[in-house]
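Here is a walk through one protein chain, written for someone new to reading structures. Keep the 3D view open and find each residue as it comes up.

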Amino acid sequence: MKRIFYLCSFLFIFVFSSEGQTGFQVLITAFDQEVPPGYFKELGKISIKKDQNGLNHIYLAETFANREEAATAAKQAKMKGFQFARVVDWQAVKEMCSAGCREPLYVENLFFDFDRYNLRQKSKSDLQDLAALLTSQPSYRVILMAHTDAKGSNEYNIQLSQNRAKSAKDYLIGIGIDEDRIETGYSGETQPIAVNQMGNGTDAPQGRQFNRRVEITVLDGDGKVVPNLVEPIRVPEKLKL
């Protein structure tokens, strides 16, 4: 039987060995498409990794000597329908990661198990990277905004989201980040980014997983959002509100 990879739209730049990495790299993702082996062969080899929500993501393994070549490869990927192709400048990453954070630099928002506020191991790793960044950039501060899915009462979910924000804040403080640099917020179930139920009334567990989250925002010394640092949450089309 012909092997098929099922990929999705939630862009996730995951950790891989990068010691000695230089130049530019293209990272890509697919969107609910069937991608046969060799589909990207003209763009180079790809690797696939399942993220903490059980979704599959890919990256282009080849490293380019200059931005123009990488941009051309990203354009080719976009022409095939993969609009989230992006170019990573490794030198810029290394300079930003002067405190020793893992590479690539991008931090993912935090996700939680149902009715839980304890941090997953993946979330702890992301917070460690965030702490390294904050250490290397003393003027930066962070906002942690927590949410839940729609199961349970709103009163209960307000408390649950508050606990999720506190878990993330306490972890950052525990690894050396000053409390004054961390702001928290919580909204319970009132700000979903995905459906909790499908149109026919059936449960949408994957949608609820997107809603059980702490969103991270990093601000610079002027109070402006630092761009291209935290991966946006890209919800698959079928789960969007």
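The largest nonpolar core in this predicted model has 24 residues, and V142 and L172 are the ones with the most contacts inside it. Which elements give two or more residues to this core? They are α3 (121–136), β8 (141–146), α4 and β10 (213–219). Helix α3 gives the most, with five residues. If you click on L172 and skip its neighbours within four places in sequence, you'll find it in contact with L127, L130, A131, V142, L144, I177 and I182.

Let's stay with α3 for a moment. Its 16 residues should span 22 Å at 1.5 Å a residue, and the C-alpha atoms at its ends are 23 Å apart, which agrees. Plenty of its residues are tucked away: among the buried ones are S123, L127, L130, A131 and L134. D126 is on the buried list too, with a relative accessible area of 3%.

Now zoom out to the whole chain. It has five helices and 10 strands, and 46% of its 241 residues are buried. Take the contacts with a separation of 6 or more: residues 24 or more positions apart account for 72% of them. On the outside, the chain exposes about 12,000 Å², with carbon and sulfur atoms supplying 49% of that.

V214 is a good example of such a long-range meeting point. It lies in strand β10 and counts as buried because its relative accessibility is 0%. Its C-alpha atom is 8.1 Å from that of A168, although the two are 46 residues apart along the chain. Not counting residues up to four places away in sequence, V214 touches N109, L110, F112, L144, M145, A146, R164 and A165.

That list brings us to R164, which is found in helix α4 (residues 154–174). Does R164 sit in a buried or an exposed spot, and what is the nearest side chain of opposite charge? R164 is buried, and that side chain belongs to D115, 6.3 Å away. Since a salt bridge needs the nitrogen and oxygen within 4 Å, that distance is too long to count, and R164 has no salt bridge. Even so, R164 is in contact with D115, as well as with residues including F112, Y117, H147 and R213. D115 itself is in the loop between β7 (110–111) and α3. It is partly exposed, at 28% relative accessible area, and its phi is near 60°, a positive value in a residue other than glycine.

Side chains of opposite charge can pair when their charged atoms come close. Other charged residues do manage it here: a search of the whole structure finds 11 salt bridges. Here are some of them:

| Salt bridge | Closest N to O distance |
|---|---|
| D113 and R120 | 2.8 Å |
| K122 and D126 | 2.3 Å |
| R141 and E183 | 3.5 Å |

The R141 and E183 pair links distant parts of the chain, with R141 in strand β8 and E183 in strand β9 (residues 182–186), 42 residues apart. R141 is partly exposed at 30%, and E183 is partly exposed at 41%. Elsewhere, salt bridges that share partners join D149, D203, R208 and R212 into one network.

K122 and D126, by contrast, both lie in helix α3, four residues apart, about one turn of the helix. K122 is partly exposed at 23% relative accessibility, whereas D126 is buried. In the remaining pair from the table, D113 is partly exposed at 38% and R120 is buried at 15%.

Definitions and conventions
Residues numbered from 1 in each chain as written. Predicted model: local features only at pLDDT ≥ 70, side-chain atom pairs only at ≥ 80, totals over all residues. Heavy atoms only, no water. Buried < 20%, exposed > 50% of the residue type's maximum accessible area, 1.4 Å probe, protein only. Lys, Arg positive; Asp, Glu negative; His and termini not counted. Contact = heavy atoms within 4.5 Å. Areas by Shrake-Rupley, 256 points an atom, 1.4 Å probe, with all protein chains shown as cover. Core = buried A, V, L, I, M, F, W, Y, C linked by side-chain atoms within 4.5 Å. Expected span 1.5 Å × (residues − 1).
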